[in-house]
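I opened a fresh page for this one and kept my notes in the order I looked things up. Have the coordinates open while you read along.

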Amino acid sequence: MEDMDRRYELRLTAEPSRFAVVRRIVQAHLRHWHLAAVTDQTLLGITELLANVHQHVGATAPCTLRLRAATDTLTVEVCDNSPDLPQARAPEPMDSGGRGLSIVAALCKDWGTQASDTGKTVWFTVATSPVPAPALLETVPLAVELAAGALEPVLAD
């Protein structure tokens, strides 16, 4: 398969209601490129990057998703028009957000950002041969200690 056959670009707005369609499109490309083994980590990474565009650039911010499959890696890029570069954070265990780039970093081979004249690109690469085991569980605490009475039970109807 020629390298040109292993590139894809999609222009979209970062609306969460469109994320499922984007995931289906990417999943179809990965199957076509015989990269189904990296589908889960790729889709999770894409969802995190698109969610960051939605949250930090704008609810209907335009962006471009690019896929490029090489011999042993898949590169995913999300470009938007904001010059603000994202940074991975270290949220507290009970924080409801702030883990997106840490998740991407744990699931991929490499990731980064690049500023441009028109905004920025956030990218990650996934190893396609051999497929690595995700390192996510190695960096996330599996238990959280809470003071007695810190949580109140909620009864559902």
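**Pocket first**

I went straight for the open space, and the largest pocket comes out at about 430 Å³ in volume. I listed its 27 lining residues and found that Asn52, Gln55, His56, Pro86 and Leu101 are the closest to its centre. A reminder to myself: this is a predicted model.

Which element gives the lining its largest share? I found that α2 does, with seven residues. Helix α2 (39–56), strand β3, helix α3 (100–107) and strand β5 each supply at least two lining residues. Sorting the lining by character, I got eleven nonpolar, ten polar and six charged residues. I noted why a probe is handy here: rolling one the size of a water molecule over the atoms shows where empty space is left.

**Whole chain**

I stepped back to the overall layout. The chain holds four helices and five strands, and along the sequence I read them as β-α-α-β-β-α-β-β-α. Of its 157 residues, 35% count as buried. I also checked contacts with a separation of 6 or more: 65% of these are between residues 24 or more positions apart.

**Helix α2**

Since α2 kept turning up in the pocket lining, I looked at the helix itself. It has 18 residues and reaches 26 Å from its first C-alpha to its last, close to the 26 Å expected at 1.5 Å a residue. Its buried residues include Leu43, Ile46, Leu49, Leu50 and Val53. Asn52, one of the residues closest to the pocket centre, is also on the buried list. I jotted down a general point beside this: an α-helix has 3.6 residues a turn, so residues three or four places apart point the same way.

What do the buried residues of α2 pack against? I wrote down β1 (7–13), α1 (16–32), β2 (62–69), β3, α3 and β5. After the helix comes Gly58, and its phi is positive, near 160 degrees.

**Thr39 and His34**

Next I picked out Thr39, which sits in α2. Is Thr39 buried or exposed? Its relative accessibility is 6%, and because buried means under 20%, Thr39 counts as buried. Setting aside neighbours within four places in sequence, I found Thr39 in contact with Gln27 and Leu30.

His34 made a good second stop, in the loop between α1 and α2. It is not a glycine, yet its phi is positive, about 60 degrees. At 69% relative accessibility, His34 counts as exposed, because the cut-off for exposed is over 50%.

**Strand β5**

I finished with β5 (residues 119–127), another contributor to the pocket lining. How many of its nine residues are buried? I counted eight, so I wrote the strand down as mostly covered. In a regular strand, I reminded myself, the side chains alternate between the two faces of the sheet.

Then I traced the pairing. Strand β3 (residues 73–80) runs antiparallel to β5, and eight bridges join the two. Among the partners, Cys79 is bridged to Thr121 in β5. Strand β4 (residues 110–116) is also antiparallel to β5, with seven bridges joining them. Ser116 has Gly119 in β5 as its bridge partner, and a hairpin of two residues leads from β4 to β5.

Notes:
Residues numbered from 1 in each chain as written. Predicted model: local features only at pLDDT ≥ 70, side-chain atom pairs only at ≥ 80, totals over all residues. Heavy atoms only, no water. Buried < 20%, exposed > 50% of the residue type's maximum accessible area, 1.4 Å probe, protein only. Pairing = 2+ DSSP bridges. 1 Å grid on protein atoms, 1.4 Å probe; cavity = no way out; pocket = protein on both sides within 12 Å on 5 of 7 lines; lining within 4 Å. Points joined across faces, edges and corners; volume = space filled by probe spheres on them. Nonpolar A, V, L, I, M, F, W, Y, C, P; charged D, E, K, R; others polar. Expected span 1.5 Å × (residues − 1). Contact = heavy atoms within 4.5 Å.
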